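Okay, thanks everyone, let's get going. I'll put the structure up and then walk you through a few spots.

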Amino acid sequence: FCLFASLANGALAVCQQIFGKTEWKDQTQSFVAWSYIIATVFSMFLYLFFRAKGDGITFKIKPSVFLYSLSVGVILSVFQFINTKAIANIDGTLLFPTYNAGTLILSSLSSILILKDKLTNNQKISLFIGVAAIVLMNI
């Protein structure tokens with residue numbers, strides 16, 4: 001499952017890059033909307049398939065979970081809209097390392113500020129190198 005999720009995520013990035021190079025790159029909202037519609041239909045198909053088969057489904061979708069899931073979906077769709085716009089306008093050699101390293105750096109900083117985690121010296125050095133790398137790439 002993790003391998004499939006990684007491949008699907010990579011395929012999404014490739015599709016976003018291809019879309020960003022087409023003449024329709026200004027229609028990002030439609031691209032993201034159709035992506036979510038297709039993903040929803042596919043997910044429901046998998047859910048119903050595994051539920052009918054009796055393998056792996058240990059939960060039922062309750063109405064209280066639906067609203068929470070919908071709000072997470074809206075937040076992620078805004079992110080995908082911004083990400084697709086960025087892919088169309090920023091060179092991939094700059095965008096993807098910044099995005100991937102930035103995620104790790106923000107996660108580390110959040111854990112320090114919110115969860116009061118203490119970093120080891122190696123982690124502090126790694127965090128500094130990550131920030132420096134992003135700054136140097138953007139000069």
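Before anything else, one term: when I say helix, I mean a DSSP run of H or I with at least four residues, and the helices are numbered from the N terminus. And keep in mind that this is a predicted model.

So, with that in hand, look at α2, which covers residues 28-53. Phe45 and Phe49 sit four residues apart in that helix, so about one helical turn separates them. What do their rings do? They form an aromatic pair, and the pair is stacked. The centres are 6.4 Å apart, with 20° between the planes. The cut-off for calling a pair stacked is under 30 degrees. The structure holds one aromatic pair, and this is it. Are these two buried or exposed? Phe45 is exposed, at 53% relative accessible area, while Phe49 comes out as partly exposed, at 42%.

Okay, zooming out. The protein chain has five helices and zero strands, so reading from the N terminus you just get α-α-α-α-α. The radius of gyration is 19 Å, and the globule rule would give 14 Å for 139 residues, so the chain is more spread out than a compact globule. If you want box dimensions, the C-alpha trace spans about 50 × 45 × 25 Å along its principal axes. Buried residues make up 15% of the 139. As for contacts, take those with a separation of 6 or more: 62% of them are between residues 24 or more positions apart.

Now the other end of the chain, α4 and α5. That's residues 92-113 and residues 121-137, and their axes come within 10 Å and cross at roughly 145°. The crossing is left-handed. Who's touching whom? On the α4 side you have, among others, Leu94, Pro97, Ala101, Ile105, Leu109 and Ile112, and on the α5 side the list includes Leu127, Val131, Ile134 and Met137. By class, that contact has 10 nonpolar residues, four polar and no charged ones. Gly102 in α4 and Gly130 in α5 are part of it too.

Last stop, the loop between those two helices, which is where you find Lys116. Most residues other than glycine have a negative phi. Lys116 isn't a glycine, yet its phi is positive, about 60°. Lys116 is also exposed, with a relative accessible area of 59%.

That's my tour, happy to take questions.

Methods:
Residues are numbered from 1 along each chain as its sequence is written. This is a predicted model: local features need pLDDT of at least 70, side-chain atom pairs count only at pLDDT 80 or more; totals for chains, interfaces and linings use all residues. Side-chain values use heavy atoms; hydrogens and water are left out. Axes are lines fitted to C-alpha atoms, for helices over the stretch in contact, and angles run from 0 to 180 degrees between N-to-C directions. A crossing is left-handed if the near helix is turned anticlockwise from the far one by less than a right angle, and right-handed if clockwise. Contact means heavy atoms within 4.5 Å. Ala, Val, Leu, Ile, Met, Phe, Trp, Tyr, Cys and Pro count as nonpolar, Asp, Glu, Lys and Arg as charged, and the others, Gly among them, as polar. Rings of Phe, Tyr and Trp (its six-membered ring) pair if their centres lie within 6.5 Å; planes under 30 degrees apart count as stacked, over 60 as edge-to-face and the rest as tilted. Buried means under 20% relative accessible area, exposed over 50%, partly exposed in between (1.4 Å probe, protein chains only). The radius of gyration is taken over C-alpha atoms; the globule rule is 2.2 Å times the number of residues to the power 0.38.
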